[in-house]
Every structure is written in structure tokens, then in C-alpha cells.
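Grab the model and work through these exercises with it open. Try each task yourself before you read the solution.

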Amino acid sequence: MTNQELQSLKNKFDIIGNDPALNRALEIAVAVAPTDLTVLICGESGVGKENIPKIIHQNSRRRTGKYFAVNCGAIPEGTIDSELFGHEKGSFTGASEMRKGYFEEADGGTLFLDEVGELPLSSQAKLLRVLQSGEFIRVGSSKVLMTDVRVVAATNVNLMHAVSKGKFREDLYYRLNAVPVFMPALRDRQDDIHLLFRKFASDFSEKYGMCKISLTPDAVALLKSYRWPGNIRQLKNVAETVSALESEKISARSERCEINAEMLSRYIPKDVENMLPVKSFSPEETVNPSEREAIIRMIYQLRQEVDYLKEVVLGGPAAARQLPQSSAVRSSAVQDIQEEADWQDEEGVEMPQTWSGKVINLGEGAARPADGHDDDSLSLQKAGSDLIKKALEKYRGNRKQAAAELGISERTLYRKLKNIENE
């Protein structure tokens with residue numbers, strides 16, 4: 001294409017910019033338009049991908065046919081097949097009449113599938129079939145129908161990554177990617193940023209009769225230094241907001257309002273230094289509700305078992321029997337403690353005592369003398385009593401603070417004190 005033809009195309013579709021990558025995308029769109037090859041447009045959200053399928057349709061032999069743009073990410077998974085391929089009357093609840101889908105309605109025209117990476121796998125298989133043979137079946141029907149549709153797809157995610165994760169069919173990816181078109185991000189089009197800002201601000205001032213906005217050199221530099229994660233869509237919002245809040249109605253005194261960097265900075269989000277783009281998580285990298293519920297349940301059960309161990313250590317088998325029998329996760333250590341506690345008397349559970357975050361391990365020899373008789377001076381019962389007394393002395397009889405120091409509840413401390421008094 002000549003520069004004149006390229007500029008004429010931009011004017012027709014209201015495209016602003018002279019970036020080489022943008023020009024290349026437009027040239028590919030025009031070159032591939034006369035064919036029926038499937039085109040896959042890649043680029044971040046907000047870069048203007050929707051212009052490419054319009055250019056392809058208007059420069060193809062299908063220009064007299066219908067053109068539909070479908071956002072696959074905005075249609076619920078349960079109705080996507082009905083939207084694309086139609087349904088028969090009574091095929092599901094609410095299907096009160098037969099309805100044609102987009103592939104049937106667009107017969108002889110062009111269908112733009114935006115966010116194609118959001119399609120469920122079952123719908124991907126049906127899309128692959130209609131791309132290969134033109135055949136499709138309405139929901140609730142067994143009759144094979146034919147259509148002649150030119151498909152242009154777009155995505156803002158890495159489809160090859162989705163293929164590697166099993167979320168997108170590899171054969172469908174190669175079928176869609178017959179002709180790839182890449183739309184550059186706004187931050188990669190430095191010289192176009194000011195042009196776009198002037199265009200959006202001018203359109204806004206003409207529509208509402210406001211003063212036209214002009215930027216000082218330092219404001220232009222600030223505009224170019226921002227990374228624009230929302231791309232053209234975000235830039236348009238900023239330009240219109242600045243025009244609405246900083247300009248005034250046109251009068252004999254003023255027809256233009258100059259904005260400097262300080263004024264413009266109020267409308268540009270603060271960018272963290274050295275901030276990298278946030279990773280977008282694909283559905284498989286997030287925790288689904290069932291997994292989250294299982295994790296919460298296991299944490300709760302683990303908390304129960306920790307409380308149970310504390311009760312066994314300081315409270316004897318009576319506390320051990322309080323462990324909920326419905327607990328689905330019980331460690332072998334808990335089971336061993338339960339078995340030991342069943343045959344010992346209430347004050348005879350021989351387990352290491354915990355105080356101030358330290359575990360006192362007396363060992364087997366210290367816990368049970370060689371002659372088989374309990375040694376009171378070395379027994380855990382005696383050690384536990386000494387720890388409780390020391391904790392109470394430390395906090396001058398404050399039972400709440402003593403219990404916190406020992407890592408037990410006040411209720412357990414009261415029971416232990418009662419046992420000590422009865423000794």
C-alpha cells in the first residue's frame with residue numbers, strides 16, 4: 001500500500017497513528033481481505049483490535065453480507081452454544097421458540113469472535129468443525145446445517161500457553177492462526193500517544209462546546225512516560241476527563257486551555273517505580289470454590305487436632321475424648337496418643353509439656369524408671385504442676401496471662417489447678 005492509500009484507510013476507520021507496527025497490521029488486513037483465510041488478531045485489551053475485522057469485511061467480497069461481532073468472554077458458558085449455533089424449541093428451559101445462531105445469521109458474511117480464548121472446550125470442538133467443513137448443529141437438534149462464514153478471531157491472552165495448559169485445543173489454534181495480526185500496545189507507540197490525546201480532546205470539545213485542550217512540552221513528556229496499561233481506552237478516558245474538568249465553555253475571552261505537567265499529573269494514575277506488568281492469572285492457576293472449601297476444611301480440622309493435642313498433654317484422656325469423631329483428617333500421632341490415654345489414669349498421660357514456646361522432653365528413661373514404678377520427681381504430672389505454679393507466680397496469680405503463657409485455655413488451667421489442689 002502507498003502512504004496515501006494507508007492514510008485514506010485510517011481516515012475511513014478513524015484510526016490515529018503512524019507507528020510502523022500499526023501500519024503493518026493494517027497492510028496485512030487489507031492484503032488478506034479478498035481471501036477467506038481465518039485471521040487471528042493478538043494484542044492487549046484496549047489496543048483497537050476491533051478495527052481489523054471491520055477493515056477485512058469492508059475490503060472483501062463479503063462486504064454486502066452481514067457482519068457480527070461476538071464477545072465470547074461476555075456470554076455465559078451455558079448459553080454460548082445457543083448463541084453461536086442456535087437452538088430448537090424446547091431444547092432447554094426457556095427455549096420457547098426456535099432461534100438461529102450467529103453462524104446461521106452471518107451466512108455469506110463475516111463473524112468476529114472477540115476473546116476467543118474464553119470459549120469452553122466443548123464449544124471449541126464445535127467451532128473447529130464449522131471452520132473446517134461449514135457444518136454445525138443447533139442445540140437440541142440432530143440435523144446438520146451448512147453455513148458459509150468468514151471468521152476473524154481476536155484474543156488478549158497467549159493461546160499457546162492455554163494450549164500447553166489444556167485449556168485451548170491445539171488443532172483449533174492452528175486453524176484460527178492461519179493469518180496472525182499483531183496490534184502493538186500503546187506504550188510501544190510513543191509518537192502516537194500525543195496524536196491520540198489531541199484527537200480525543202478535540203472530539204470532546206466539539207461535542208460539548210468546551211475549550212480545546214493543548215499540552216505544554218513537559219505535559220507531553222509526562223504523557224509519553226506513562227506506560228498506559230489500559231492502552232487507547234485508558235488514554236481516551238484521561239483526555240475526556242481533563243477536557244471536562246480543566247476547560248470551560250468557549251467565550252470571547254478563551255477558546256483554548258493550556259495544560260502543563262502539574263495539572264495533567266492529577267489525572268494520570270501514580271505509577272510505582274520499576275513496576276512490572278501484573279501477571280494475569282488464567283482460570284487453571286486460581287483456586288476454584290470446591291478446592292478453597294477443602295483447604296478451609298482441612299485448616300479447621302488441623303486446628304481441632306492442635307487443640308486436641310494440647311488438651312491431651314495438659315488435660316488427660318477426658319480431654320482426648322472431646323476430639324470430634326467427624327474429623328476426616330487425623331494424624332497417626334493423634335491416634336497413638338488416644339490409644340495411650342485410654343489405659344492410663346487421668347493424670348498419667350506421659351507427653352512432653354509446653355511452656356513459653358519450649359518443649360520439655362523428659363525422654364522414656366526419665367518418664368518411667370527401670371523398676372516400673374512412677375518417679376514423682378520426674379513425672380510429667382509433677383513437671384506440669386511446677387510449670388503452672390511458676391506461670392502463676394510470674395503473673396502474680398493472673399490466671400488469664402498464665403494460661404496464655406502455658407499455651408492452654410483458662411478452662412484447662414482451672415481444671416489443672418483443681419487437680420493440683422486435690423493432690
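**Exercise 1. Count the helices and strands of the chain, then say how much of the chain is buried.**

Solution. Start with the secondary structure: this predicted model has 19 helices and 11 strands in its chain. Next, take burial: 41% of the 423 residues count as buried. Then look at the surface, which comes to about 24000 Å² of accessible area, with 51% of that belonging to carbon and sulfur atoms. Finally, check the contacts with a separation of 6 or more: 69% of them join residues 24 or more positions apart.

**Exercise 2. Decide whether helix H3 (51-58) is largely enclosed or not, and find what covers its buried residues.**

Solution. Go through the helix residue by residue, using under 20% relative accessible area as the cut-off for buried. Asn 51, Ile 52 and Pro 53 pass, and so do Ile 55, Ile 56 and His 57. That makes 6 of the 8 residues of H3, so the rest of the structure largely encloses this helix. Now look for the cover. Among the helices you'll find H1 (3-12) and H2. The strands over the buried residues of H3 include E1 (39-42), E2 (67-71), E3 (110-114) and E6 (150-155).

**Exercise 3. Describe the second largest pocket: its volume, its lining and the helices that supply the lining.**

Solution. Volume comes first, at about 540 Å³. The lining is made of 25 residues, and the ones nearest the centre of the pocket are Asp 14, Glu 50, Phe 200, Ile 232 and Lys 236. Sort the lining by class and you get 12 nonpolar, 3 polar and 10 charged residues. Then ask where the lining comes from: H2 (20-32), H3, H9 (190-208) and H11 (231-246) each give at least two residues. H9 provides the largest share, 7 residues. H3, the helix from Exercise 2, turns up here too, as one of the suppliers of this lining.

**Exercise 4. Find the aromatic pairs, and work out the geometry of Tyr 173 and Tyr 174.**

Solution. Searching the whole structure turns up 6 aromatic pairs. For the tyrosines, the ring centres are 5.1 Å apart and the planes sit at 65°. The cut-off for edge-to-face is over 60 degrees, and the pair Tyr 173 and Tyr 174 is indeed edge-to-face. Now add burial: Tyr 173 has a relative accessible area of 13%, so this residue is buried. To finish, look for a cluster: Phe 85, Phe 103 and Phe 136 form one together.

How values were computed:
Residues numbered from 1 in each chain as written. Predicted model: local features only at pLDDT ≥ 70, side-chain atom pairs only at ≥ 80, totals over all residues. Heavy atoms only, no water. 1 Å grid on protein atoms, 1.4 Å probe; cavity = no way out; pocket = protein on both sides within 12 Å on 5 of 7 lines; lining within 4 Å. Points joined across faces, edges and corners; volume = space filled by probe spheres on them. Helix = DSSP H or I, 4+ residues; strand = E, 2+ residues; numbered from the N terminus. Nonpolar A, V, L, I, M, F, W, Y, C, P; charged D, E, K, R; others polar. Buried < 20%, exposed > 50% of the residue type's maximum accessible area, 1.4 Å probe, protein only. Contact = heavy atoms within 4.5 Å. Areas by Shrake-Rupley, 256 points an atom, 1.4 Å probe, with all protein chains shown as cover. Phe/Tyr/Trp six-rings, centres within 6.5 Å; stacked < 30°, edge-to-face > 60°.
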